[in-house]
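Please walk through the structure shown below, beginning at the ligand and then moving out to the sheets.

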Amino acid sequence: MNTPTLDATTTTAPPAGVPVVDIDPFSDAFLTDPYEAHQRMREAGPVVWIPAYGIYACARHASVHAVFNDHATYISGAGVGLANFHKEAPFRPKSLILEADPPSHTKARAVLARILSPKTVMQIRATFTAEAGTLIDRLQARQATGETIDAVKDLAEVYPLKVFPDAVGVGEAQRENLLLYGDMIFNSFGPRNERLQKSAELVQPVTAWIMAHCQRENLRPGGFGDLIYQAADAGEITHEEAPLLVRSFLSAGVDTTVNGIGNAILCLARHPDQYAQLHADHALARPAFEEALRFESSVQTFFRTTSQDTELFGVPIPKDSKIVTFLAAANRDERQWPEPDRFNIQRRPAGHMAFGSGIHGCVGQVVARLEGEVVLTALAKRFSRIELVGEPQRRLNNTLRALASMPVRLIPA
Ligand code: QZP
């Protein structure tokens, strides 16, 4: 349980005219199963008030979309977590892209967008595909000797930890540090609860490793990391900014796809009729991954801060207010999606919020989609079914819908 000083103990009086929804979106119960509380928030209105943290919240697709697409009013520079950087110091130097606004954001974004472009995906596609095949062949061989495969520990964590740091240009040793770091970063967008404290303790010894791997001498020439330094050489950014932009790769590039892939496999294991369709038609891998992102969004929440007094769907919001957007709730809004609680890989869920929207929309999404597609394709080719042989365990995180383990039996086709 959370200790009182760290938890949501004080409640702030609700501003007049805003529906109050009395939930704690960072409690164990909420994080274990958020969907009923999402529904309550959506029903209450496009903008609601969460007294436990004294914050505004959007859970409908229309209001989440509106916030993300007015970046001048709903800024990122004061932090995209609960903490308001105008009132408290950030716990690490601010990200130059995530926790920034135009014009400085624009420059950093341009560099990352070029490195993570569709052209890059064409270049890495063959390698990413081959690695998925190799890994899954190995898992099939292990399973044939009687071993139980854990779709999280043996697959969803292993695959991104192989291909993404390879692409960034990080050496093989101690890559698991990236998972510990990610867990802490994504907890840090929530309150300073016990969950954050625990992961911050665990990450202490790996911070130096992370920072060292943001330095040019530790990055393979030609990898994504080195390309950032080449952008600095070309004068697009400064050499002081380069390591911080590499840090964005190391912060955002692993835990997100680990859980995107894990959640997608879990959806397919729990919906055998849907997996059967994918098995019959591998071209459904991409839409299936997309639907899994909608259905179980890896990134559940993000915050913005108002730069001025404003009004959202008739609700007045004062300057310097924190607003939490529930991406995962927007992705199941019945105002947007027919039968939102049905996992249906034939759906083409264009406009889902799992990658955000607007100028901060995920800059790595083409790489994330590539990873999801090739892993699901490799599974679909080899196996006719994915059976759960034990209860999947969640790893509770203040921001991520994350999994700790998922024992499976992969039934060869
Ligand atoms: C985390 C950074 C889902 C995203 C917000 C993940 C993320 C993106 C960027 C950074 C960290 O720039 O450090």
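In this predicted model, an N or O atom in the side chain of Arg92 lies 2.8 Å from an oxygen atom of the ligand. Two serines make contacts of this kind as well: the side chain of Ser95 places an N or O atom 2.6 Å from a ligand oxygen, and for the side chain of Ser248 the distance is also 2.6 Å. Taken on its own, the ligand has 350 Å² of accessible area, and the protein covers 85% of it. The space that the ligand takes up is the largest cavity.

The three residues just named belong to a longer list. Around the ligand stand Arg92, Ser95, Ile97, Leu98, Phe186, Ser248, Ser251, Ala252, Val299 and Phe302, where a residue is listed if one of its heavy atoms lies within 4 Å of the ligand. Sorted by class, this shell holds 6 nonpolar residues, 3 polar ones and 1 charged one. Arg92 is the charged member, because Arg is counted in that class together with Asp, Glu and Lys. Which helix gives the most to the shell? Helix α11, spanning residues 241–252, does so with 3 residues.

The strands come next. Strands of a sheet pair through backbone hydrogen bonds, and the pairing can be parallel or antiparallel. One open sheet has 5 strands, ordered β1-β2-β8-β5-β3, and its pairing is mixed. At its edges are β1 (48–50) and β3 (74–75), each of which pairs on one side only. Further inside the order, strand β5 (residues 301–306) and strand β8 (residues 322–326) are antiparallel and share 5 bridges. One contact to locate in the view is that of Thr301, whose bridge partner in β8 is Phe326. Phe302, from the shell around the ligand, falls within the residue range of β5.

A second open sheet is built from 3 strands in the order β4-β12-β9, with antiparallel pairing. Its edges are β4 (149–150) and β9 (383–388); each has a single partner strand, so one side of each has no neighbour in the sheet. How many bridges join β4 to strand β12? There are 2, and the two strands, β12 being residues 407–412, run antiparallel. Within this pair, Ile149 has Val408 of β12 as its bridge partner.

How values were computed: Residues numbered from 1 in each chain as written. Predicted model: local features only at pLDDT ≥ 70, side-chain atom pairs only at ≥ 80, totals over all residues. Heavy atoms only, no water. Polar contact = N/O pair within 3.5 Å; in protein donor to acceptor, adjacent residues only side chain to side chain. Areas by Shrake-Rupley, 256 points an atom, 1.4 Å probe, with all protein chains shown as cover. 1 Å grid on protein atoms, 1.4 Å probe; cavity = no way out; pocket = protein on both sides within 12 Å on 5 of 7 lines; lining within 4 Å. Sits in = over half its atoms within 2 Å of the grid points. Helix = DSSP H or I, 4+ residues; strand = E, 2+ residues; numbered from the N terminus. Pairing = 2+ DSSP bridges.
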